[in-house]
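Me: I should like to learn how to read the features of a protein model in an orderly way. Please give the general idea in each case and then apply it to the structure shown here.

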Amino acid sequence: FGVGDLALFLPTKNPGVWAAFNVNSPHHFLLPAESEEFKTSMINRDWILARLTQIDAFVADSPQSNPFGLETGCRYWVCKGSRWEGMPVGVAGRRREVRKK
């Protein structure tokens, strides 16, 4: 992951904790930008697309000292981001007609 990337985040079992969908890059969590609109949009969502604006690395000192309940010594990353607005309505959902010959 890098700043400027578009990332898919999914809710975890822990309320309010969102993990990045990834392959071979575990422990990336979303911390929303200061926008109240973005924080509100996270409620009752199945997924969130966010443009990453900052990524900070941490090491869990103890299970109690990190917000994600990770084991002591586990490296994790907190990703700040802003909600991705996407394409204008109607553009992404267009279907091409297939003509039968």
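The dialogue below moves from the overall fold to cores, rings, surface and backbone.

Me: What pattern does the protein chain follow along the sequence?

Reply: One begins with the order of secondary structure elements. This is a predicted model, and its protein chain holds one helix and five strands. Along the sequence they run β-β-β-α-β-β.

Me: What share of the contacts in the protein chain between residues at least 6 apart joins residues at least 24 apart in sequence?

Reply: Contacts between residues distant in sequence are read as a proportion. Here, 55% of the contacts between residues at least 6 apart in sequence join residues at least 24 apart. One such case in space is C79 and F29, which are 50 residues apart in sequence, with their C-alpha atoms 5.8 Å apart.

Me: How much of the protein chain is buried, and how much area does it expose?

Reply: Burial is judged by relative accessible area, with a cut-off of under 20%. Buried residues account for 27% of the 101 residues. The chain exposes about 7600 Å², of which carbon and sulfur atoms supply 53%.

Me: Which residues make up the largest nonpolar core?

Reply: A core is read as a set of buried nonpolar residues whose side chains are joined. The largest one has 10 residues: A7, F9, W18, A20, L30, M42, I48, A50, L52 and C79. At least two residues each come from β1 (6-11), β2 (18-20) and β4, and β4 gives the most, with three. Another core, of eight residues, lies apart from it and includes V17, F29, C74 and Y76.

Me: Is C79, a member of the largest core, buried or exposed, and what does it touch?

Reply: For a single residue, one combines its element, its accessibility and its contacts. C79 lies in strand β5. Its relative accessible area is 0%, so C79 is buried, the cut-off being under 20%. Beyond its neighbours within four places in sequence, C79 contacts F9, H28, F29, L30, L31, L52, Q54 and I55.

Me: How many aromatic pairs does the structure hold, and how are F58 and Y76 arranged?

Reply: Ring pairs are read from the distance between centres and the angle between planes; an angle under 30 degrees counts as stacked and one over 60 as edge-to-face. The structure holds three aromatic pairs. F58 and Y76 are stacked, at 5.5 Å centre to centre with 20° between the planes. Because F58 lies in strand β4 and Y76 in strand β5 (residues 75-83), the pair ties together parts 18 residues apart in sequence. A second pair, F68 and Y76, is edge-to-face, with a centre distance of 5.4 Å and 75° between the planes. Ring pairs link F29, F58, F68 and Y76 into a cluster.

Me: Which of the residues in these pairs are buried, and how accessible is F58?

Reply: Membership of a ring cluster and burial are assessed separately. Y76 is buried at 6% relative accessibility, and F68 is buried as well. F58, by contrast, is partly exposed at 35%. Strand β4, which holds F58, spans residues 48-59. The C-alpha atoms of F58 and Y76 are 5.3 Å apart. Leaving out residues up to four places away in sequence, F58 touches C74, R75, Y76 and V78.

Me: Which residues form a nonpolar patch on the surface?

Reply: A patch is read from its members, their joint area and their positions. L10, F21 and W47 form one, with about 310 Å² of accessible area together. L10 lies in strand β1 and is partly exposed at 32%. W47 lies in the loop between α1 (36-41) and β4 and is partly exposed at 43%. Both F21 and W47 are among the contacts of L10, which also include V17, W18, A19 and D46.

Me: Which residue has a positive phi although it is not a glycine, and where does it lie?

Reply: Most residues other than glycine have a negative phi. H27 has a positive phi of about 65°. H27 lies in the loop between β2 and β3 (28-32) and, at 29% relative accessibility, counts as partly exposed.

Technical notes:
Residues numbered from 1 in each chain as written. Predicted model: local features only at pLDDT ≥ 70, side-chain atom pairs only at ≥ 80, totals over all residues. Heavy atoms only, no water. Helix = DSSP H or I, 4+ residues; strand = E, 2+ residues; numbered from the N terminus. Buried < 20%, exposed > 50% of the residue type's maximum accessible area, 1.4 Å probe, protein only. Contact = heavy atoms within 4.5 Å. Patch = residues over 30% accessible without salt bridge, like charges linked within 9 Å, V, L, I, M, F, W, Y side chains within 5 Å. Areas by Shrake-Rupley, 256 points an atom, 1.4 Å probe, with all protein chains shown as cover. Salt bridge = Lys/Arg side-chain N within 4 Å of Asp/Glu carboxyl O. Phe/Tyr/Trp six-rings, centres within 6.5 Å; stacked < 30°, edge-to-face > 60°. Core = buried A, V, L, I, M, F, W, Y, C linked by side-chain atoms within 4.5 Å.
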